[in-house]
Amino acid sequence: MLNSKDVGCVIRRFRKEKGLSQEVVSGLADIGRTHLSAIERGERRPTLETFFRLSEALGVRPSVIVAAIETERKKRAEQEENA
């Protein structure tokens, strides 16, 4: 099952690695800053359209973000197994 927190964590990480604020990324993606904030906190899941807009705003291919989400998901599953 896809965890919203994994998605948000990865999007936040890419945004911070690029040195961009939520304001800038949300503007480039044409979504509200509070919407982006909720996505990054794992409170909301982006639609496919929003996901692609965010990937374009971040300058990262969607497939790269998906691969990072899969890695984050595996890491979280391993942590839960070891807890």
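At what angle do the axes of helix H2 (residues 22-29) and helix H3 (residues 33-40) cross? The model is predicted: local features need pLDDT of at least 70, side-chain atom pairs count only at pLDDT 80 or more, and totals for chains, interfaces and linings use all residues. Residues are numbered from 1 along each chain as its sequence is written, and side-chain values use heavy atoms, with hydrogens and water left out.

Select H2 and H3 (helices are DSSP runs of H or I, at least four residues, numbered from the N terminus). Their axes come within 8 Å and cross at roughly 110° (lines fitted to C-alpha atoms over the stretch in contact, angles running from 0 to 180 degrees between N-to-C directions). H2 is therefore roughly perpendicular to H3 (65 to 115 degrees). Show Gln22, Glu23, Val25 and Ser26 of H2 with Arg33, Leu36, Ser37 and Glu40 of H3, which make the contact (heavy atoms within 4.5 Å).

Next, select Arg13 and Glu72, whose side chains meet in a salt bridge at 2.9 Å, N to O (a side-chain nitrogen of Lys or Arg within 4 Å of a carboxyl oxygen of Asp or Glu). Arg13 lies in helix H1 (residues 4-17) and Glu72 in helix H5, 59 residues apart. The whole structure holds 7 salt bridges.

Finally, select Leu2, Val7, Arg45, Pro46, Thr47, Leu48, Phe51, Val66, Ile69, Glu70 and Arg73, which line the largest pocket (an open set of points on a 1 Å grid over the protein atoms alone, where a 1.4 Å probe fits, with protein on both sides within 12 Å along at least five of seven lines; lining residues have an atom within 4 Å of a point). H5 (62-82) gives the most to this lining, with 4 residues.

Technical notes
Helix = DSSP H or I, 4+ residues; strand = E, 2+ residues; numbered from the N terminus. Parallel < 35°, antiparallel > 145°, perpendicular 65-115°, else oblique.
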